[in-house]
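Take a look at the chain below. This report walks through its sheets, its helices and its ligand shell.

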Amino acid sequence: MSAGFPIVRRPTRPIQLGQLIVGDGAPVSVQSMTNTPTADMEGTLDQVRALASAGCEIVRVSVPDEDALRGFEALRKNVRLPLVADIHFDHKLAVGSLVAGADAVRINPGNIGASWKIREIVQAAKDKGASIRVGVNAGSLEKDILKAHGHPTPEALVHSALRSIQLLEDMNFFTIKISVKASDPLENVRAYRLLSEDVDYPLHLGVTEAGTVLSGSVRTAAALGLLLADGIGDTIRVSLSGDPLPEVHAGHELLRSLGLRSGARVVACPTCARAEIDVAGLAEEVEKRIRSIKAPLKIAIMGCPVNGPGEARESDVGIAGGKGTAVLFVRGKVKGKLKEEEAIDALIEEVEKLEREFERMA
Ligand code: SF4
């Protein structure tokens, strides 16, 4: 938890996906989505494993047709991580995914059709103890709602979500989480704020079609930062075009920045003409190597002796550059002067010692 701005989480009902709790104050979980063809079970399994080792806690998989459903069935047998089947239009694929062991299905009830079809999904979810995510998206609102609001406004997104929730509640189904995604960050914020006044179901936050790694991460951080700081949000996805692994890294970084997740973070000087070591290269390398560290450590990579030693001393572990050298600091004390090429291994060794200390005390 950040000392400067403690976040008070909004109370929500819990739902369970496998061993993972979402809502009710459980840590905000990070999720992502595969982009391999689901019918290609081997390729999808490889991607799910990569996501899991990056720290992904829930994986969503599209199930657009029968071949994909067969792929999903095979995947389920090989994956312990909570799996969410993403379904549009065809209720039979939702039922099939639940029978195959999906921990949840993501549907947009507005495009599933007749209420008997929704009822079949609900029954399958009840039978399997699974949950349903009502996933409303600005790009696929019901026609009558779009007509009533003129545009896919935040109010229109919430209108659609509340209608779907009512439908599920009328079928005595309450293990629900909800998303109302727009591509505009501020519309997103307004939609989730409005929704959180009306419901106490856990909320899945995300900005849809956010963009590439840089623009998508910034856009998502802008929207989700505001919401999470208000205590809104129980699970997040940073939607980025391309490889899903950066989604997971960005999600963890966002939560750590807000004090919602423990872990090590790297601070690095912006560099200037005084820099005497490759700060950016070293910082990137350190970021890659500390992803699994759970201890709340601050690691400083500083370019020169001007501000370097001061910042490095204020950190748990740090290096400050000299001419082809780096001074290593641990908890404020100089540990030694190293060659630049030896600095990272020595720094990581100290980080791992502190991690072991943290684990012993946990
Ligand atoms: S620490 Fe040194 S190199 Fe880095 S920005 Fe400050 S003065 Fe420049």
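An axis here is a line fitted to C-alpha atoms, for a helix over the stretch in contact, and an angle runs from 0 to 180 degrees between N-to-C directions. Keep in mind that this is a predicted model.

**A pair of helices**

Start with helix α3 (residues 91–99) and helix α4 (residues 115–128). They pack at an angle of about 5°, and their axes are 9 Å apart. Angles under 35 degrees count as roughly parallel. The helices α3 and α4 are therefore roughly parallel to each other. Who makes the contact? From α3 come His 91, Ala 94, Val 95, Leu 98 and Val 99. From α4 come Trp 116, Lys 117, Glu 120, Ile 121, Ala 124, Ala 125 and Lys 128. By class, the contact of α3 with α4 has 8 nonpolar, 1 polar and 3 charged residues.

**Two domains**

The protein splits into domain 1 (15–257) and domain 2 (265–361). Their C-alpha centres lie 38 Å apart.

**The sheet of 8 strands**

One open sheet has 8 strands, with parallel pairing. Read across, the order is β8-β7-β6-β5-β4-β3-β10-β9. Why do β8 (176–181) and β9 (204–205) each have a side without a neighbour in the sheet? Both strands stand at the edges with a single partner strand each, so one side of each is left free of a neighbour. For β9, 2 bridges lead to β10 (residues 235–237), and these two strands run parallel. His 204 has Thr 235 in β10 as its bridge partner. Helix α8 (residues 213–229) packs on this sheet and touches β9 and β10. The direction of α8 makes about 170° with that of β10.

**The sheet of 5 strands**

Another open sheet has 5 strands in the order β11-β12-β13-β14-β15. Its pairing is mixed. Here β11 (265–268) and β15 (333–339) stand at the edges; each has a single partner strand, so one side of each lacks a neighbour in the sheet. From one strand to the next, the twist averages 20°. Strand β11 is joined to β12 (residues 298–302) by 4 bridges, and the two run parallel. Val 267 has Ala 300 in β12 as its bridge partner.

Two helices lie across strands of this sheet, as the table shows.

| Helix | Strands it lies across | Angle |
|---|---|---|
| α10 (residues 279–289) | β11, β12 and β13 (317–322) | about 160° to β12 |
| α12 (residues 340–361) | β12, β13, β14 (325–330) and β15 | about 145° to β15 |

**The ligand shell**

Which residues surround the ligand? They are Cys 269, Pro 270, Thr 271, Cys 272, Arg 274, Ala 275, Met 302, Gly 303, Cys 304 and Asn 307. By class, this shell has 6 nonpolar, 3 polar and 1 charged residues.

How values were computed
Residues are numbered from 1 along each chain as its sequence is written. This is a predicted model: local features need pLDDT of at least 70, side-chain atom pairs count only at pLDDT 80 or more; totals for chains, interfaces and linings use all residues. Side-chain values use heavy atoms; hydrogens and water are left out. Two strands pair if DSSP finds at least two bridges between them. Contact means heavy atoms within 4.5 Å. A residue is near a molecule or strand if one of its heavy atoms lies within 4 Å of it. Ala, Val, Leu, Ile, Met, Phe, Trp, Tyr, Cys and Pro count as nonpolar, Asp, Glu, Lys and Arg as charged, and the others, Gly among them, as polar. Angles under 35 degrees count as roughly parallel, over 145 as roughly antiparallel, 65 to 115 as roughly perpendicular and the rest as oblique. Domain bounds come from an automatic or database domain assignment.
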